[in-house]
Protein chains: 2
Amino acid sequence: MSLKVAIIGLGSVGRGVVKVLSERKDDRFKVVAITDSKGAVLDDNGLDLKDVLKKKGNGDLARVNKSSLDVVKEVDYDILIEVTPTDAKTGEPGLTYIREALKRGKHVVTSNKGPVALNYQELRDLAKKHGVQFLFEATVGGAMPVFNLIRGPLAGNQITSIKGIFNGTCNYILTRMANEELPYDMVLSEAKELGIAEADPTYDVEGIDTALKMVILANAVLGMDVKLEDVDLVGISGVCLEALKLAGEAGMVIKLIGEVRPNGEERVLKVSPRLVPKTHPLAVQGTLNAALIQTKLAGEIFVIGKGAGSVETASAILSDMLYIASLK
Amino acid sequence: MSLKVAIIGLGSVGRGVVKVLSERKDDRFKVVAITDSKGAVLDDNGLDLKDVLKKKGNGDLARVNKSSLDVVKEVDYDILIEVTPTDAKTGEPGLTYIREALKRGKHVVTSNKGPVALNYQELRDLAKKHGVQFLFEATVGGAMPVFNLIRGPLAGNQITSIKGIFNGTCNYILTRMANEELPYDMVLSEAKELGIAEADPTYDVEGIDTALKMVILANAVLGMDVKLEDVDLVGISGVCLEALKLAGEAGMVIKLIGEVRPNGEERVLKVSPRLVPKTHPLAVQGTLNAALIQTKLAGEIFVIGKGAGSVETASAILSDMLYIASLK
């Protein structure tokens, strides 16, 4: 029996998920509903995913008049894939979708940082109460595995801290500034042209995106109970070229580093530009993300990968879906 | 009900496993047998692990007169932890222990590269036939997860190639030579004094250890059917200081790189010193291991960690044990 899947959101990540599922021909999953802001496409026998993608591209996708919330509440599915955009202040509309699905006893997989950063404990407890999974590998590091790495391969290891580069836009800007000796504004303009930075880059360059990820890691991996306001936060807009040059001369680079460590007096929850030796595994270039997971037995484990991208993020969502399928 | 565990071998890795299990107080596992070359200690109700370690250290461990093979064949256990030393030519004595345990329908977890490199297909089929697990995370990369990373977090991704640094001794030697501008012989002597290189370092510096790991990855992850003789192999003893200096001037380092790629004409199975840009994530220093796993969806995933060490290797064994426990 296949697991019935409902996908809420058909932006970049949603289309990536549909594309990946359409190419897998994996009979463990059957997509019965897809929604976007204009309505829903439904088929309890399984949608033709290639057809949906094509019509979405051509602008002639025939939707029924049902909202995402209608679908979340009414359609018969086993796994909700919630891939609407992040709202760091309210978590909506994703938060409501996730809450309603969990209350109905449905598994939830999301790439949406807002609800996880804002309401992790509530949603975890709701999932537990209803005996379902609430998974969010795609919220941190895109294709770079973090939660699934800790749950599986690092199982049995106590995690004592997590530190790294969790925003590809900032890493791209700092890498270009350092390598080409170009000023911040110029590189930011270039990044916008390339689609690496948003038109309004505040969310990335001021470190809010990284801070949200630190909150998720703190709460979901390290057993803390913190909010976005608790993060000691400095972005990269104040990093001048001179500082990067001086760092370079000393064999260092400057990176926007997020760090979370729960323990007592040395408790750390911060995001800020920091010096990293060029030879350190965290000194990765371009849009790469990198995480240093400090463990009790295995010592320092580094994982590096693409932090964004439609198919890469879909890969993280797929790994959560496969975990759910493995539990049956 | 706990899983009964028999540990074959009480060298560095075996002691690491006993230490880690003694500190976890995990009632999913009960160690009922431990053997070394002098005999066995047995207790069907669970051995006092701290006491075993202490007495092994003091040289007054009271063993019964049973060989490792006797224990493998006769004792009532669920998981065999096979941690005897690697013999690259015959795989013995580990190969026989593993084969006998699998034939009895027991799970096997090993850190022993010989049997996996030599007889992977036979042992995999035997495990399948008897419905048990044959796991060997500790054979490649020590604490650095590879097999469990691919099985769990990267599930759903087709792996197209694996490449990296899989021998900490070689990496230490090449790093010291490059950073300190010291000749090979001098650094090798130093590494021996520090216990980073063996008295006879041939196995590491000639690339045999890395080649065995490539054979394991080729057969177990990439679906190939290859032997040690198939590896295109060059070690690091011919790397001169001048080459490292020239590389350094060009922004590169020289690393002993193992690479395996199964596909058609571009098929690769080789171990050799190669140039790596200093800024590349594989350019890790000291005794670290690093792997680049090329995937279809997630793109390039890098994982970096300690490739050796008693507790680190035990961590890899523990992750395999926990996977088996999760299947119950």
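How much space lies in the largest cavity? Here are my notes, with that one answered early on.

1. First, a reminder: this is a predicted model. As for the opening question, about 70 Å³ of space lies in the largest cavity. The count of cavities of 30 Å³ or more comes to five.

2. Now look at what lines that largest cavity. Chain A gives A:Lys278, A:Thr279, A:His280, A:Pro281, A:Ala283 and A:Val284, and chain B gives B:Lys278, B:Thr279, B:His280, B:Pro281, B:Ala283 and B:Val284. Sorted by type, the lining has six nonpolar, four polar and two charged residues.

3. Next, the sheet that takes in strands of both chains. It is an open sheet of 12 strands with mixed pairing. To trace it on your screen, begin with chain A and go β8(A)-β10(A)-β9(A)-β7(A)-β11(A)-β12(A), then carry on into chain B with β12(B)-β11(B)-β7(B)-β9(B)-β10(B)-β8(B). The edges are β8 (232–233) of chain A and β8 (232–233) of chain B; each has a single partner strand, so one side of each is left without a neighbour in the sheet.

4. Something packs on this sheet, too. Helix α10 (residues 208–220) of chain A touches β7 (159–165), β8, β9 (252–261) and β10 (268–277) of chain A. The direction of α10 makes about 35° with that of β9(A).

5. Let's go through the chain A end of the sheet strand by strand. β8(A) and β10(A) run parallel, with two bridges between them. One pair to find is A:Asp232, whose bridge partner in β10(A) is A:Lys270. On to the next pairing: β9(A) and β10(A) are antiparallel and joined by 10 bridges. There you can spot A:Gly258 opposite A:Val271 of β10(A).

6. Which strand do two bridges join to β8(B)? The partner is β10 (residues 268–277) of chain B, and the two strands run parallel. B:Asp232 sits opposite B:Lys270 in β10(B), while B:Leu233 has B:Val271 as its bridge partner in that strand. β10(B) also pairs with β9 (residues 252–261) of chain B, in the antiparallel sense and over 10 bridges. In this pairing, B:Ile254 is matched with B:Leu275 of β10(B).

7. Chain B has another open sheet worth tracing, with six strands in the order β3-β2-β1-β4-β5-β6 and mixed pairing. Its edge strands, β3 (39–42) and β6 (134–135) of chain B, each pair on one side only. Within the sheet, β4 (residues 79–82) of chain B and β5 (residues 107–110) of chain B are parallel partners over four bridges. B:Glu82, for example, has B:Thr110 of β5(B) as its bridge partner.

8. Finally, a helix pair. Two packed helices are described by the angle between their axes and the distance between the axes. For α4 (residues 94–103) of chain B and α5 (residues 113–129) of chain B, the angle is about 5° and the axes are 10 Å apart. Angles under 35 degrees count as roughly parallel, so α4(B) is roughly parallel to α5(B).

9. Who makes the contact between these two helices? From α4(B) come B:Gly94, B:Leu95, B:Ile98, B:Arg99, B:Leu102 and B:Lys103. From α5(B) come B:Pro115, B:Asn119, B:Glu122, B:Leu123, B:Leu126 and B:Ala127. By type, the residues of this contact divide into seven nonpolar, two polar and three charged.

Conventions. Residues are numbered from 1 along each chain as its sequence is written. Chains are lettered from A and ligands numbered from 1 in the order in which they are written. This is a predicted model: local features need pLDDT of at least 70, side-chain atom pairs count only at pLDDT 80 or more; totals for chains, interfaces and linings use all residues. Side-chain values use heavy atoms; hydrogens and water are left out. Two strands pair if DSSP finds at least two bridges between them. Contact means heavy atoms within 4.5 Å. Axes are lines fitted to C-alpha atoms, for helices over the stretch in contact, and angles run from 0 to 180 degrees between N-to-C directions. Angles under 35 degrees count as roughly parallel, over 145 as roughly antiparallel, 65 to 115 as roughly perpendicular and the rest as oblique. Ala, Val, Leu, Ile, Met, Phe, Trp, Tyr, Cys and Pro count as nonpolar, Asp, Glu, Lys and Arg as charged, and the others, Gly among them, as polar. On a 1 Å grid over the protein atoms alone, a cavity is a set of points where a 1.4 Å probe fits but cannot get out, and a pocket is an open set with protein on both sides within 12 Å along at least five of seven lines; lining residues have an atom within 4 Å of a point. Grid points are joined across faces, edges and corners, and a volume is the space filled by probe spheres set on the points.
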